[in-house]
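Trainee: Could you take me through how to read a few features of a structure, going from the general idea to the particular case?
Mentor: Gladly; let us have the sequence and the structure in view before we begin.

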Amino acid sequence: PVFTAFLLADEINRAPAKTQSALLQAMQERVVTIDRDSFPLQPNFTVFATQNPIEYEGTYPLPEAQRDRFLLNVIVDYPSRDEEGQIIDRTTSTQSATPAPVVSGPEILECQATVRLVPLPAHVRNFVLDLVRSARPKDPASAAWVREQIDWGPGPRASQQLVLAAKARALLKGRYHVTLEDVETLALPVLRHRIVPTFSAEAEGVSGDDLIRRLLREVPRHDSK
């Protein structure tokens, strides 16, 4: 099943460690190794995965290295009233639909290459660096509360992914440059799975999102010149 362009792993934390390890290689190296043979995956190979945030019995938590390979961690809440009404209409009647492709693999690769061409202003780059590095408890410049409430902070991949996601959002908004708003909007989904709160923070009911929001309030912004 992994030899596809779009892989949906439903409740990925119910996969045993061996399966997660194999998927980690596919996500990082874009290859699958069997014995001494390696088989390449498609260049536009993408993984979408779900986790049940409530029931953890019989699950295998993803290691930090694998969580770090996911670009975004999006919280899917209950649908709105109108959305839930549409769900009822579409699933309890005779309505049917035939899926049709809207974009090709080469077009996706072209879009990905275009995202990397979006300019990154120096003041936005510096804000990304300040934001990510301030979440590392071992960084000499980190605040005292960070060392008390964050057990493990985001690595360099967080900075990379935050910039790439911000560039993509800029294009989706019809702009050809990244703004501080792009970074601030994407900070939660990019960083929440890359920050591990301390036991004391969890005991006080402080979540990873709470920590990121506090960092966003405290990290200074520098306007472009």
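**Salt bridges, a strand and a loop**

Mentor: We start with D139, which counts as buried because its relative accessibility is 14%; please keep in mind throughout that this is a predicted model.

Trainee: With which residue does D139 form a salt bridge?
Mentor: The general idea is that side chains of opposite charge can pair when their charged atoms come close. Here D139 pairs with R133, the closest N and O atoms being 3.3 Å apart, and R133 is partly exposed because its relative accessible area is 42%.

Trainee: How many salt bridges does a search of the whole structure find?
Mentor: The search finds 11. One of them joins D68 to R194, with 2.5 Å between the closest N and O atoms. D68 lies in the loop between α2 and α3 and R194 in the loop between α8 (180-191) and β6 (196-197), so this pair ties together parts that are 126 residues apart in sequence. D68 and R194 are both buried.

Trainee: Which residues are joined into one network by salt bridges that share partners?
Mentor: The side chains of R175 and D182 meet in a salt bridge of 2.8 Å, N to O, and both residues are buried. Through shared partners, salt bridges join R169, R175, E181 and D182 into one network.

Trainee: Let us turn to a strand: which residues of β1 are on the covered face, and which on the uncovered one?
Mentor: In a regular strand the side chains alternate between the two faces of the sheet. In β1, residues 6-9, L7 and A9 make up the covered face, whereas F6 and L8 make up the uncovered one. Strand β1 runs parallel to β4 (residues 46-49), to which 4 bridges join it, and the bridge partner of L7 in β4 is V47.

Trainee: And what does R69 touch, leaving aside residues up to four places away in sequence?
Mentor: R69, placed in the loop between α2 and α3, touches L24, M27, Q28 and R157. The C-alpha atoms of R69 and L24 are 7.9 Å apart in space, although the two residues are 45 apart in sequence. A polar contact of 2.7 Å joins the side chains of R69 and Q28. R69 counts as partly exposed because its relative accessibility is 23%.

Trainee: Where is V76, and which surface patch does it help to make?
Mentor: V76 is in the loop between α2 (64-67) and α3 (81-91), and its relative accessibility of 74% is why V76 counts as exposed. Together, L71, L72, V74 and V76 make a nonpolar surface patch of about 370 Å².

Key
Residues are numbered from 1 along each chain as its sequence is written. This is a predicted model: local features need pLDDT of at least 70, side-chain atom pairs count only at pLDDT 80 or more; totals for chains, interfaces and linings use all residues. Side-chain values use heavy atoms; hydrogens and water are left out. Patches are made of residues with over 30% relative accessible area and no salt bridge: like charges are joined within 9 Å, nonpolar side chains (Val, Leu, Ile, Met, Phe, Trp, Tyr) within 5 Å. Accessible areas come from the Shrake-Rupley method with a 1.4 Å probe; for residues, only the protein chains shown count as cover. A salt bridge is a side-chain nitrogen of Lys or Arg within 4 Å of a carboxyl oxygen of Asp or Glu. Helices (H or I, at least four residues) and strands (E, at least two) are DSSP runs, numbered from the N terminus. Buried means under 20% relative accessible area, exposed over 50%, partly exposed in between (1.4 Å probe, protein chains only). Contact means heavy atoms within 4.5 Å. A polar contact is a pair of N or O atoms within 3.5 Å; within protein, one must be able to donate a hydrogen and the other to accept it, and residues adjacent in sequence count only if both atoms are side-chain atoms. Two strands pair if DSSP finds at least two bridges between them.
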